[in-house]
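Biologist: Could you take a close look at the largest pocket for me? I'd like to hear what lines it and what goes on around it.

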Amino acid sequence: MSTAVAPAATALTPPVAITAGDLSTWQTNGIVWAMAQAQGVVFAGGTFSAIRPAGSAAGTNEQPAVNFAAFDAATGAPTGCSLSFTIGAGSTATVRALAVSPDHKTLYAGGYFSAVNGVAANSVATIDIATCTPVSTFHPAVSATVRALDVTADTVYMGGDFTTVAGQTRDYFAALTTAGALTSWAPEGDNPGRAVQVTPDGASVMIGGDFNTIGGSDSHALAVVSATTGALTKAYPVGFFPATSVVKDITADATGLYTANEGTGGGVFDGRTAFNLSDFGQRWRDTCLGATQSVAVYQSVLYSGSHAHDCSTMGEYPNQTRKHLLAESVNDPTLLGWFPDTNDGQGEGIGPRVLTVASSGSTDYLWVGGEFTTVNGSAQQSLTRFSSGPDTTAPSVPTVTASSLKAGQIKVSWRSSLDLDDSSVTYNVYRNGSSTPVYTTTGNSLPWVRPQLGFTDTGLTAGTTYSYRVTAGDGTNTSALSTAATATVVSSAPSYPAAVLSDGASLYWRYDESGGAFAFDASASNDGGDYVGSPSYRQTPAATTGISTAIGLNGSDQYLYSDALHSKPTSFSVETWFKTTTTSGGKLIGFGANSTQLSGQYDKHIYMTNNGRLAFGVYNGTTTTLTTSSSYNNGAWHHVVGTQGSTGMRLYVDGALVGSNSTTANESYSGYWRVGGDNLNAWPNQPSSNFFAGQLDETAVYPSALTSTQVANHYALASAVADTTTTIAPTDDAYVNAGAPSTNYGTSGSLAVRGTSAYLSYLRFTLPAAPANQVLKSAVLQVTTSSDPTAGSTDSQTVVPVTGSWTESGVTYNTRPTVSSTVLGTLTGATTISTAYSVPLDISQLTGSLGSPYAVALTSTGTDSLWLWSREVSSTAKQPQLVLTFGSAS
């Protein structure tokens, strides 16, 4: 039997150093636009009127907070600092920027307001942090909203919508002394400023916004200027960033500067860019789509707030559900394994708007503000926070399946778990309730790609049922055990799956799941799929003989896609069985550039037209299809295969070739295998529906063109006689005790076996007759030791036929039946409590009794008793079972 070990995962996958579990934090009733921190206090500004505790619904347990609140960084609760930012009637006050002086004594606030706690202030204000009071002498006149602030020891840099400060022209950028006097610094933009960031050496300021020129020179959305004069020192002409993209935020660390961009319309840039401090040249660029609002650096990782919905240009996920919080190395834009999330929320529906890092004691915190109303799926408005530890969130519980398609083997597979702050997770597999894993491995996963993992358990006993459970751990936290997956070991490989696997399938979905969101791959590639729209599971009869089921799709919003992104195949085959009466057509299987939305690129597909005909098509500058002349929407199972290789395209239906051509090329793009639905726009005889309504079974993809002989063989094998397994519960069971020779134990929840002083156990089964044209191929008695601390035994126990008569309610030691000396099987090594054990039986002794009752006894010559659960125990899984496998007589 297989065993393996792998290196363990760690709680956070480096370089990520912030956990993804959100901490209890007070909320606001409006949008948080700005944050800053000092001495363990986080300041939040925005457009709101009240705050409330975590867990409180909107409008409950509120206390006033007019556009500003201060919170303890470590607890998330408000401090005693209360400031009201107000403006006269008819206008709405808002705080859009906060910054703290290098000595952490002064807080600077910008926005649109005319007073702070009643003290006059004109869209920019200074607050003494120690006393939480506005400085009345700091009162420059600013003509419009201040949207950005950065502060040095002697200068306050501003960006915003204003065009005058202190009565002098200052187009969208200006600087003040810390006393509030206007300086000569004047970059002179032509449109609003949104970000200012002083470089670590204090010599330069990187500015961002909506502008196209700085000081009359072409520099779109971003520029570097002198910190003393505001003169342009590094321009970024339009084209560096598209004309439709603006810079919303800038941050810095000791090595670089980092921007957050928002774009509109086509050809946008919505991502993040890293710049080197040495020359302000680009280090890297992240081209994910979904406007980025804020960036913050913590321990060499750039954290960002956005609504990134399409990162396909980065080799990440295609257009799909928005992800609002991301992490990347400051040296590499590849997304790291950190994915806490918010929703879009209120206002513009952007989600996060601002990030800041604060410290308290030995713990660091990443605070997030914005317009969201949920965090990690739970209600939480506009504020949340995450910490540097400890990590308290375990990976999700694995979803597990087990199947036996080869003699003596079981393939155990599971969908990799999701851990929002750890992309590397360690898995332990446990067999038959053991506390010792039989297999350990480590695998990587991300929210949009959760690969199928697994192992093959070998050297198993045919006819025996084994159960498997899996845990997922991140090095600190471990998930609960998965639901048990069971499989009965086959004595010979089922003919149809064996042919599919032998012919090289790289994806093989059999649709035997009882539920869940994952379709398991039976091939060695572990190329599992994701179910969309909760299809109908375990549909019968399936397309092939044997133990198998099909999947049912509704034709509107149910389909599957491969979890993995695939490169363009050169040669390939797609194969599936289908059954339908639809008159709306739909795609059965194909290749598409998107997974959860209709693809923009799509071909290498088989689809049904409204009249039930089948079309197999590829795209190579034009659509090329092979189409059947017959219809197949007659409610019967049909087999369809499309191939493309060096000799062209072939379409087969029900094992026969129905069309061919010499086309050898198809469209070049990376994509996903889609089953049951995807775009069909502009394809010949386009059906009414993109989605297929009906049943599908035994879907396979191959990296080569199947031959006509292979296709015909698959079709024939679908109806071949397959092994069938029958599990039988005892109709009667009891044990007898030499120490209490007149006592009947027929109602006991236990069975017992011992030589001296003797315990004997009896079980009676009603054996079924062999199915037509089949014979008994294996028989296995399965028993489970009880939970009694002494239930296990170091002795061996034999299984023998019972030749005398007995009843469950009447048998005692004194009336025990006679037994045969013929040994049917031997149980050894049943030493562990609460564990299932299997005893292969001699089928030659059982064959003649098929179709009639058959009784066996468990006996021993040893002195160490064995205690087993009886049929009276409530758990079916613990009860004794006889597993019979029937197969072809040939």
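Modeller: Here is a walk through that pocket, with a stop at a sheet that shares a strand with it and a look at the runner-up. Keep in mind that this is a predicted model. The largest pocket holds about 1,300 Å³ of space, and 42 residues line it. Nearest its centre you'll find Met-35, Leu-98, Leu-149, Gln-197 and Ile-250. Strands that each put at least two residues into this lining include S2 (31-38), S8 (94-100), S14 (146-151), S19 (193-198) and S25 (245-252), and further along the chain S29 (294-298) and S33 (352-360). By class, the lining splits into 24 nonpolar, nine polar and nine charged residues.

Now the second largest pocket, at about 1,100 Å³. Its lining also comes to 42 residues, with Ala-402, Ser-403, Thr-486, Asp-512 and Ile-547 closest to the centre. Strands S38 (399-403), S44 (485-488) and S61 (724-728) are the elements giving two or more residues there, and S38 contributes the most, with five. The class split for this lining is 16 nonpolar, 20 polar and six charged.

Back to S8, one of the strands lining the largest pocket. S8 also belongs to an open, antiparallel sheet of four strands, ordered S8-S9-S12-S13. S8 and S13 (133-134) sit at the edges with a single partner strand each, so one side of each has no neighbour in the sheet. Further in, S9 (residues 106-112) and S12 (residues 124-128) run antiparallel and are joined by five bridges; one pairs Ala-109 with Ala-125 in S12.

Notes. Residues numbered from 1 in each chain as written. Predicted model: local features only at pLDDT ≥ 70, side-chain atom pairs only at ≥ 80, totals over all residues. Heavy atoms only, no water. 1 Å grid on protein atoms, 1.4 Å probe; cavity = no way out; pocket = protein on both sides within 12 Å on 5 of 7 lines; lining within 4 Å. Points joined across faces, edges and corners; volume = space filled by probe spheres on them. Nonpolar A, V, L, I, M, F, W, Y, C, P; charged D, E, K, R; others polar. Pairing = 2+ DSSP bridges.
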